[in-house]
Amino acid sequence: MSGVGEVGDRYVVGVDYGTLSGRALVVRVRDGAELGTAVHEYRNAVIESALPDGGPSLPPDWALQDPQDYRDVLRHAVPAAVAAAGVDPRDVVGIGIDFTACTILPTLADGTPLCEVPELRQRPHAWVKLWKHHAAQPHADRINALAHERGEPWIGRYGGKISAEWQFAKGLQLLEEDPEVYRRADRFIEAADWIVWQLCGIETRNVCTAGYKGIMQDGKYPSTDYLTALNPDFGDFVTKLDGPLMPLADKAGELTAAAAAWTGLPQGIAVAVGNVDAHVTAASAQALAPGRLVAIMGTSTCHVVNGAQPAEVAGMCGVVEGGISAGAWGYEAGQSGVGDIFGWFVKHAAPAEVASHERLTELAAAQPVGAHGLVALDWWNGNRSLLVNHDLSGMIVGLTLATRPEDVYRALLEATAYGTRMIIEAFVEAGVPVNDLVIAGGLTSNTLLMQIYADVTNRPLSIIGSAQGPALGSAIHAAVAAGEYSSIHEASQAMGRISEAVYRPDPDRVRAYDALYAEYRTLHDHFGRGTNDVMLRLRAIRNAAAGSAASTNETASEEVA
Ligand SMILES: Nc1ncnc2c1ncn2[C@@H]1O[C@H](COP(=O)(O)OP(=O)(O)O)[C@@H](O)[C@H]1O
Ligand SMILES: O=C(CO)[C@H](O)[C@H](O)COP(=O)(O)O
């Protein structure tokens, strides 16, 4: 953190809503200096098995959140960040937020979350569905099949598949599993837009989530005909999504008196339009130019890259005009599990004497490429791009009695790099240039991982110059919304930071990885493209067994009662 500003300086606050916590960052407008930060952990974190106040236990693949946790970030992290920065809150001129996505909730017409309506509190579908809620896969499958059958024009803009994580799959699941909660939902809104509504009292919809996570293309959602063909009661779904659509970095409204009281910031300051963690980071990494692919690597990885033209890229998440920044076509792809796979290995598979990222990385770094004899498929949390199937699962080939924990750890790091290479090749083959990579997020601290990515992708890797890429990106958007800069490009140049080409590919390792990547591709297509659906069959067997175990437990507890 830099020192406090000078007299006359103005500041903006960026708030990054992550999977487990929200971080606030106070940033100086003139140069992007980061002056103070604070984190607030969500009390209810990720709700995966039981609701906070009781109700039915949640089936596999559910992931919910509590919207009160989001308000608490405003009440705790924002004032703490301003205090840590040592600036006068009266000099703060704007606030911007970014959120995970698609993280979405049903609300009443006034924005009250349905899970806060007393009689709906114990209904799982009344809660926020987090981005990694994966229980809507069957609904996504039907959305996709019908879109292809009818030749819907928008499906190509999503690489041919809508993800189970996105709005329409989650909405259809809500309708079909709890029609009453669906009917009570006047609004179905991304948490990014909901928290902006809480801040400025005005409901808006940002073009980023509407485009990538909804199906808003060329100013339109899917037709009523199509939605009715999915389910006769789904025809009205878009009326719950509709709202004033706003470009990124615009001002959504002004901070209300109530939100000023929560945050300690001045009433009336600019509130920027909501945005997504990955997409705001392109601005903080000074990576808005076409061809610079930004990978935000944390629990999962999100890839965003601007292009000059629209193109259809099989398996990408989507292409949206102005979806990253005005004046370009923004492309997105993603890997649903990255740091979480490494974390799983440290926590559940590595023996205690080596069970830390640091120790496993140190041991893994000592071996030449290929020496472990392993190739893994990185699908521990399903596959977002290119296969768009969250029922796929992880695999390691080549294990022997000589395999050591660091070998497996290294194979997992490499598997995620191969997954990123698949995505890059899909973009390039479709005519979307990817010249270099800019990496942001917590995983930038792992230098072995960074070098593996440079070698596997055969591209130079630049590193964002901030440990708070999303929060800084939100602050940059707030500065534009407050009128401090005339465009996001100008603000990004003044306030963003990047260290250019920190990691360069090594030709020998590139060659060695080409051979391993060829094996990865073969396995990827074999298990992911229908030659052998063993993973899908295992998932069905698991779900049936989990279902019968749950009903056995319920019968047992009824008998006890
Ligand atoms: N040194 C490390 N090497 C590899 N993975 C790590 C390391 N430290 C933490 N992780 C993993 O990175 C993820 C946390 O990254 P972070 O960027 O903080 O998360 P988030 O995506 O929530 O912002 C966790 O999944 C954790 O298992
Ligand atoms: O898809 C997303 C953005 O488009 C999610 O927000 C993202 O994958 C979750 O990010 P993280 O793992 O960093 O919390």
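The legends below describe close-up views of the contact between two domains in a predicted model.

**View 1. The two domains of the predicted model, as the domain assignment divides the protein.** Domain 1 covers residues 11-272, whereas domain 2 is made up of two segments, 286-464 and 506-546. Between the C-alpha centres of domain 1 and domain 2 the distance is 26 Å. To the contact, domain 1 contributes 24 residues and domain 2 contributes 31 residues.

**View 2. The area buried between domain 1 and domain 2.** Together the two domains bury about 2,100 Å², and carbon and sulfur atoms account for 49% of this area. On the side of domain 1, the three residues Gln137, Arg157 and Tyr212 supply 29% of the area that this domain buries against domain 2, which is more than any other three residues supply.

**View 3. Salt bridges and polar contacts across the domain boundary, with Arg539 and Asp61 in close-up.** Five salt bridges are counted between domain 1 and domain 2. Arg539 forms a salt bridge with Asp61, and the closest N and O atoms of this pair lie 3.9 Å apart, which falls inside the 4 Å cut-off applied to such pairs. The count of residue pairs in polar contact between the two domains, with both residues at pLDDT 80 or more, is 12.

**View 4. The side of domain 1 that touches domain 2, with helix 6 in close-up.** Helix 6, which spans residues 207-212, gives the most to this side of domain 1, with four residues. Sorted by class, the side of domain 1 that touches domain 2 holds 10 nonpolar residues, eight polar residues and six charged residues.

Notes: Residues are numbered from 1 along each chain as its sequence is written. Chains are lettered from A and ligands numbered from 1 in the order in which they are written. This is a predicted model: local features need pLDDT of at least 70, side-chain atom pairs count only at pLDDT 80 or more; totals for chains, interfaces and linings use all residues. Side-chain values use heavy atoms; hydrogens and water are left out. Domain bounds come from an automatic or database domain assignment. Contact means heavy atoms within 4.5 Å. Buried area is the accessible area (1.4 Å probe) that two parts lose on being put together, summed over both. A salt bridge is a side-chain nitrogen of Lys or Arg within 4 Å of a carboxyl oxygen of Asp or Glu. A polar contact is a pair of N or O atoms within 3.5 Å; within protein, one must be able to donate a hydrogen and the other to accept it, and residues adjacent in sequence count only if both atoms are side-chain atoms. Helices (H or I, at least four residues) and strands (E, at least two) are DSSP runs, numbered from the N terminus. Ala, Val, Leu, Ile, Met, Phe, Trp, Tyr, Cys and Pro count as nonpolar, Asp, Glu, Lys and Arg as charged, and the others, Gly among them, as polar.
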